[in-house]
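Good morning, everyone, and thank you for making room for me in the meeting today. I would like to walk through one structure with you, going from the whole chain to its empty spaces and then to some single residues.

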Amino acid sequence: MLSTNKNRLIEMLSAALAGLAQERGLGEPSAPRLERPKAVDHGDVACNIALQLAKAWKLNPRELAQALVERLQQQAGFNELIASCEIAGPGFINFRLSNAAKTAVVQEILSAGTHFGESVQAGESVPNAMIEFVSANPTGPLHVGHGRQAALGDALANLLATQGIKVHREFYYNDAGVQIANLALSVQARLQGLKPGDAKWPEQAYNGEYIAEIASAFKVSPEFKDDLEAIRQFAVAYLRNEQDIDLKTFGVKFDCYYLESSLYTDGSVAQIVGDLQSIGKTYESEGALWLKSTDDGDDKDRVMRKSDGSFTYFVPDVAYHTSKWNRGFQKVINVQGSDHHGTIARVRSGLQGVAQKRGWDIPKTYPDYVLHKMVTVMRHGEEVKISKRAGSYVTVRDLVEWSGGVTPEMTPEERELALQRGRDAVRFFLISRKADTEFVFDIDLALQQNDENPVFYVQYAHARINSILQQWGGQISDLANADLSLLQSKASDHLLRRLAEYPEVLTSAAEELAPHALAFYLRDLAGDFHTFYNADRVLVDDQNLKQARLALLLATRQVLQNGLKVLGVSAPIKM
C-alpha cells in the first residue's frame with residue numbers, strides 16, 4: 001500500500017476515533033495501525049484498533065468497529081480512497097482500496113523513476129553510517145566467505161542509502177600479527193626453492209599456488225632482496241592488489257582502507273590500554289593484563305596483554321572502533337563471519353571503558369553486527385572444497401568464473417559478458433538467504449538459463465518487458481496519460497499491490513539489516529509479472545487498454561531495475 005494512501009487512511013481512522021471518544025466521553029484512543037491481511041480475499045489492508053480499545057472503552061469490539069466504519073464513511077474523500085470495508089471475526093476492519101487508489105502507484109513510479117521507493121530524511125542534517133565489511137587478511141585470495149560479506153555489505157550500504165543515509169564503506173586490513181609473519185615466511189621458503197611437502201617447508205606456511213606467484217613476482221621486482229621485512233611488505237602489497245582486482249570484478253568499491261598497523265604506529269593501541277588502566281577497568285594476573293569485561297555482561301574477563309608483552313587480537317579492534325566513533329560514525333555496522341561472535345562482548349566492553357574515560361556517550365550496543373554463516377559450494381553434485389590457486393578453499397574469483405561459464409577459449413568480449421553473468425548470479429545467490437543461515441551455492445543452478453535459477457527468473461522478467469515495449473514501438477512518454485482505470489483484472493490487481501509494497505520493503509529491509517528481504521520481493525514481483533503476462537494479453541487491439549497495460553509494465557520494469565541496482569545486480573535488456 002502506498003504511503004500516501006496509508007497515511008490518509010490512518011488520518012481518517014484517527015479522526016473517527018477522536019470523534020467517537022469525545023462523543024461518548026471515552027479515554028484517549030491508541031494510534032491505529034494498518035497491516036496486510038494474510039489472505040488476499042480479505043482485502044487490501046486491515047485494522048484491529050477496535051479489538052485493542054474494546055476492553056478499555058468497555059465496548060463490544062464488533063460494535064466499536066461498526067461505529068468507526070460509520071464515522072469513516074461520513075468523511076470527505078473516504079469513498080475515493082476505499083471501495084468497501086467490512087467487519088470480520090471478533091472485530092477486524094478489512095478495507096478494499098478503490099481502483100484509483102490502487103493504480104496511483106503506476107503514475108508515482110513513472111514520476112519518481114530511479115528514485116521510486118527512496119525515503120527522504122526530514123531535517124537539515126543527513127545521518128551517516130559506516131559499514132565495515134570483507135576486511136580480509138592480506139594473506140591470500142578472497143574466499144567465498146569474503147564473497148558473502150561483500151554481497152551483504154554492499155547491498156546493506158545501498159539499502160541504507162535509499163533511506164536518506166550517507167553511507168561510508170570501509171575495509172579493515174589486518175596487516176599485522178602472526179598471520180602476516182607466516183605469509184612472509186611462506187614466500188621466503190618459495191624463494192629458497194622449497195614447496196609444500198618438502199622436509200624444510202615451514203609448518204605454518206600457506207600452501208596455495210599464489211605463494212609461488214608472489215615469490216616469482218618479487219624475484220623480478222626492483223624491491224627484490226633477501227630480507228624478510230622486504231618480503232613481507234611486497235607480499236602484503238601484492239595480495240592487496242589481487243584482492244582489489246577481485247573486488248572490482250565483484251562490483252564493490254570502498255571509501256577507505258584502514259590499516260591495523262597504523263593503530264600501533266600512531267599510538268592508538270597504547271592510548272586505549274592506558275585509558276582502560278586509568279579507570280580501573282583492568283587488572284594484572286598471571287603476568288598478563290586482563291579486561292574486566294564481565295562488568296559489561298561477558299561470560300569471563302579477557303586477556304588484553306599476554307605475558308610475552310604482545311596484545312590479543314581484540315585490543316586493536318577496540319582501538320579501531322574508538323577511531324570510528326571519533327570520526328563521527330555513531331551508526332556502525334560490521335559484516336563478519338559467525339566465528340567473530342565471541343569478540344562482540346569484549347569489544348563493546350572495551351569501548352564502554354574508553355567512553356567512560358573520555359566522556360563519550362557510546363551506546364552499549366555499539367557497534368551493530370551482521371554475522372553470516374559459511375557457504376558450501378556444490379558443483380556436479382559434489383562439494384568443492386579447494387581451488388588450485390588458493391590451495392585450501394574456493395576463491396571469489398573461482399565462484400564468479402564458474403557461475404558465468406568462463407572458458408579459456410572466450411574472446412575478451414565473451415569473457416566480460418560471462419563475468420557479468422557470474423557476478424550477478426553470485427551476488428544475488430549470496431544475498432538471497434538470511435545472513436545467519438548456512439548457504440549451499442549450486443554452480444550448476446547458477447548456470448541454468450530457466451525459471452529454476454532465481455536471478456535469471458528476475459532478470460528475464462526485466463528483459464521480457466523490454467521486448468514487449470520494443471515490439472509495441474510507441475513513444476514511452478505517451479504512457480504517462482494512460483487510462484489506468486482499465487486495469488481491473490485479478491492479475492493486474494496482484495501486480496499493482498506488489499509494486500505498492502516496494503517502498504515499505506526497502507524501509508523494513510534497511511531497518512532490519514536484511515537485504516535478503518529485497519531478493520525475496522524481487523522474485524515475487526517477477527512472479528506476479530509473469531502471471532499477469534500469461535493472463536492478460538498486453539498488445540491488444542483496444543488502444544486505451546493496451547496503453548494502460550503497457551504503463552503497468554513500464555512501472556514494473558522500473559521497480560525491477562531499482563531493486564536489482566540496490567542488490568548490485570544488472571538489469572539486462574535482453575537475454
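**A walk through the model**

Before looking at any detail, please keep in mind that this is a predicted model. Where should we begin? I would like to begin with a pocket, and in particular with helix H18, which gives the most to the lining of the second largest pocket, with 7 residues. That lining is made up of 26 residues, and those that lie nearest the centre of the pocket are Met 1, Arg 36, Asp 44, Arg 497 and Glu 501. The elements that give two or more residues to this lining are helix H1, spanning 3-24, strand S1, spanning 34-35, helix H5, spanning 99-112, and helix H18 itself, spanning 490-511. The space in the second largest pocket comes to about 510 Å³, and if we sort its lining by class, we find 12 nonpolar, 3 polar and 11 charged residues.

Let me now step back to the chain as a whole. The protein chain has 20 helices and 15 strands, and its C-alpha atoms fill a box of roughly 85 × 65 × 45 Å, taken along the principal axes. Of the 575 residues in the chain, 51% are buried. If we take the contacts between residues at least 6 apart in sequence, then 70% of them join residues at least 24 apart.

From the pocket we can turn to enclosed space. Rolling a probe the size of a water molecule over the atoms shows where empty space is left. How many cavities of 30 Å³ or more are there in this model? The count comes to 1, and the largest cavity has a volume of about 40 Å³. Its lining consists of Val 134, Leu 142, His 146, Gly 147, Ala 150, Asp 246, Leu 247, Phe 250 and Val 396, which divide by class into 6 nonpolar, 2 polar and 1 charged. Helix H6, residues 144-162, and helix H9, residues 228-249, each supply at least two residues of this lining, and H6 gives the most to it, with 3 residues.

Val 396, which we have just met in the lining of the cavity, also belongs to the next element on my list, helix H14, where it is one of the buried residues. Why can we say that helix H14, residues 396-404, is largely enclosed by the rest of the structure? We can say so because 7 of its 9 residues are buried. Besides Val 396, the buried residues of H14 are Asp 398, Leu 399, Val 400, Trp 402, Ser 403 and Gly 404. After H14 comes Gly 405, whose phi is positive, near 70 degrees.

For a pair of helices, please look at helix H2, residues 49-57, and helix H3, residues 61-73, whose axes come within 8 Å and cross at roughly 115 degrees. The crossing of H2 and H3 is right-handed. On the H2 side, Ile 49, Ala 50, Leu 51, Leu 53, Ala 54 and Trp 57 take part, and they meet Pro 61, Leu 64, Ala 65 and Leu 68 in H3. By class, this contact of H2 with H3 has 10 nonpolar residues, with no polar and no charged ones.

I would like to finish with some single residues. Is Thr 556 buried or exposed? Thr 556, which has its place in helix H20, residues 543-567, has a relative accessible area of 0%, and therefore counts as buried. Leaving aside residues up to four places away in sequence, Thr 556 touches Ile 465, Leu 495, Leu 499, Leu 525 and Phe 529.

His 168, in strand S6, residues 166-173, is buried as well, with a relative accessible area of 17%. Again not counting residues up to four places away in sequence, His 168 touches Ala 129, Met 130, Ile 131, Asp 255, Cys 256, Arg 327 and Phe 329.

My last residue is Gly 267, found in the loop between helix H10, residues 260-265, and helix H11, residues 268-278. Gly 267 counts as partly exposed because its relative accessibility is 26%, and buried would mean under 20%. The C-alpha atom of Gly 267 is separated by 9.6 Å from that of Ala 319, although the two residues are 52 residues apart along the chain.

Technical notes:
Residues numbered from 1 in each chain as written. Predicted model: local features only at pLDDT ≥ 70, side-chain atom pairs only at ≥ 80, totals over all residues. Heavy atoms only, no water. 1 Å grid on protein atoms, 1.4 Å probe; cavity = no way out; pocket = protein on both sides within 12 Å on 5 of 7 lines; lining within 4 Å. Points joined across faces, edges and corners; volume = space filled by probe spheres on them. Helix = DSSP H or I, 4+ residues; strand = E, 2+ residues; numbered from the N terminus. Nonpolar A, V, L, I, M, F, W, Y, C, P; charged D, E, K, R; others polar. Buried < 20%, exposed > 50% of the residue type's maximum accessible area, 1.4 Å probe, protein only. Axes fitted to C-alpha atoms, helices over the stretch in contact; angles between N-to-C directions. Left-handed = near helix turned anticlockwise from the far one by under 90°. Contact = heavy atoms within 4.5 Å.
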